[in-house]
Amino acid sequence: MMRIYEEAFGSHVEYVLRNEDTGEFASIVSRGANVRRLALSPGDGLEPISILRGYGTPEELEEGRWSRGIKMIPFPNRIRDGIYSFGGRQFSLPINFPSQHHAIHGLLSDQEMQLVRKTEDDQSCSVTLSFDFTGRFPGYPFGLKVEVTAALDNDGFTVLTRALNIGDDPLPFGDGWHPYFAFGDDPNVDKWILKIPARYIVELDDRLIPTGKLVPVEAKGLDFRQPRSISGTILDNVFTGLIPDNDGVVTRLADPDIGAEIQVWQDKAYGYLVVFTPPEPYRDSIAIEPMTCNTNAFNNQEGLIVLRPGESFLGRYGVRVSKM
């Protein structure tokens, strides 16, 4: 049986999706649709494994350090100097990454979202949260409404994102997710095995803004098309030229000691992927981030989605755990 529980998380609501038969669960917080916790089983009756490094307290969530588990709408990653032009007008976004003087990771993560619906039955459960951007942000004065549906079923965890232009003018849009993955409390990242199905890395300048050039992964020593250890590797890269299989594009992270593999999948709406290993002393997890567009897409238009009045976007990504 699948059930949804509502719990207070500071001044926010945390929706806990639970499989009562397996003990698997996922939690999503009303603040920004933050995915805070996720525990999935490799199958065959094995105990669920906690696979996210999320925020432990409401204070950490509100501080937002490292952007753990956040939903990145209407733009993932950086907008250079917070400035962009669209429809013949120039706009200025708040600088929330002052060390590089960029706007970063969208405008949703610190907003309180509204519950639209909950569903639960024997096979699955889901919760849908909504936010209307209209009139909220001078730097993004567009009629965007989003719904984020988090679901748990016997195949794992899925997020469905729907974005609708409810205004009178076209709008620029991008989506992404910023989770940090790990295997329980084990911080030994360097024993993990990673597979990234990507042909290219986006070349970045010294402010981590794309130069317009794509570099083959093998040229940078970051070819993870075949599984390999991440021991000693520092990753903070945008990958593209993604290679789908029957399940979409699947990035795989495995722990040989426990014999389990995390599979992060994204459908064709998400043509980019950021992979990031936090620096020491925080190197205890790895961020695997599906994105619809490139960094600075409001300026370079690489992967940028333009929604005309009445048009909508629909995209899915999710997580499974299996035995190696």
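# Salt bridges, strands and backbone in a predicted model

Arg225 and Asp223 are joined through their side chains by a salt bridge, with 2.9 Å from N to O; the term stands for a side-chain nitrogen of Lys or Arg within 4 Å of a carboxyl oxygen of Asp or Glu. The model is a predicted one, in which local features need pLDDT of at least 70 and side-chain atom pairs count only at pLDDT 80 or more, while totals for chains, interfaces and linings use all residues. Residues are numbered from 1 along each chain as its sequence is written, and side-chain values use heavy atoms, with hydrogens and water left out.

## Charged pairs

Arg225 also meets Glu218 in a salt bridge, where the N to O value is 3.1 Å. To describe how far such residues are covered, a residue is called buried under 20% relative accessible area, exposed over 50%, and partly exposed in between (1.4 Å probe, protein chains only). On this scale Arg225 is partly exposed at 28%, Glu218 is partly exposed at 48%, and Asp223 is partly exposed at 24%. Elsewhere, Asp186, Lys191, Asp255 and Asp257 are joined into one network by salt bridges that share partners.

How many salt bridges does the rule give? The count comes to 17 salt bridges. One of them links Asp175 with Lys71, whose closest N and O atoms are 3.0 Å apart. Asp175 sits in the loop between strand S15 (171–173) and strand S16 (176–178), while Lys71 belongs to strand S6 (residues 70–72), so this pair ties together parts that are 104 residues apart in sequence. The names S and H follow DSSP runs, numbered from the N terminus: helices (H or I) have at least four residues and strands (E) at least two.

Are these two partners buried or exposed? Asp175 counts as buried, with a relative accessibility of 0%, and Lys71 is buried as well, with a relative accessible area of 1%.

## Strands and their pairing

Strands of a sheet pair through backbone hydrogen bonds, either parallel or antiparallel. Here two strands are taken to pair if DSSP finds at least two bridges between them. Five strands form an open sheet in the order S1-S2-S3-S4-S5, with antiparallel pairing. Its edge strands are strand S1 (2–9) and strand S5 (49–50), each of which pairs on one side only.

The table sets out three antiparallel pairings, one of which, between S3 and S4, involves strands named in that open sheet.

| Strand | Partner strand | Bridges between them |
|---|---|---|
| S3 (residues 25–29) | S4 (residues 34–40) | five bridges |
| S14 (residues 156–165) | S28 (residues 312–323) | eight bridges |
| S24 (residues 260–266) | S28 | seven bridges |

Individual residues can be placed within these pairings. Ser27 stands opposite Arg37 in S4. Which residue of S28 is the bridge partner of Val159? The partner is Tyr317, and Gln266 likewise stands opposite Tyr317 in S28. Tyr317 is thus a point in S28 that can be followed towards Val159 and towards Gln266.

## Backbone details in the loops

Where in the chain does Pro74 lie? Pro74 lies in the loop between S6 and strand S7 (78–80), and the peptide bond that leads to Pro74 from Ile73 is cis, with omega near 5°. Another cis peptide bond runs from Glu280 to Pro281, again with omega near 5°, and Pro281 is placed in the loop between strand S25 (272–276) and strand S26 (286–291).

Positive phi values also occur in residues other than glycine, among them Trp66, with phi near 70°, and Asp81, with phi near 60°. Trp66 is in the loop between helix H1 (58–63) and S6, and is partly exposed, with a relative accessible area of 23%. Asp81 is found in the loop between S7 and strand S8 (83–86), and is partly exposed at 26%.
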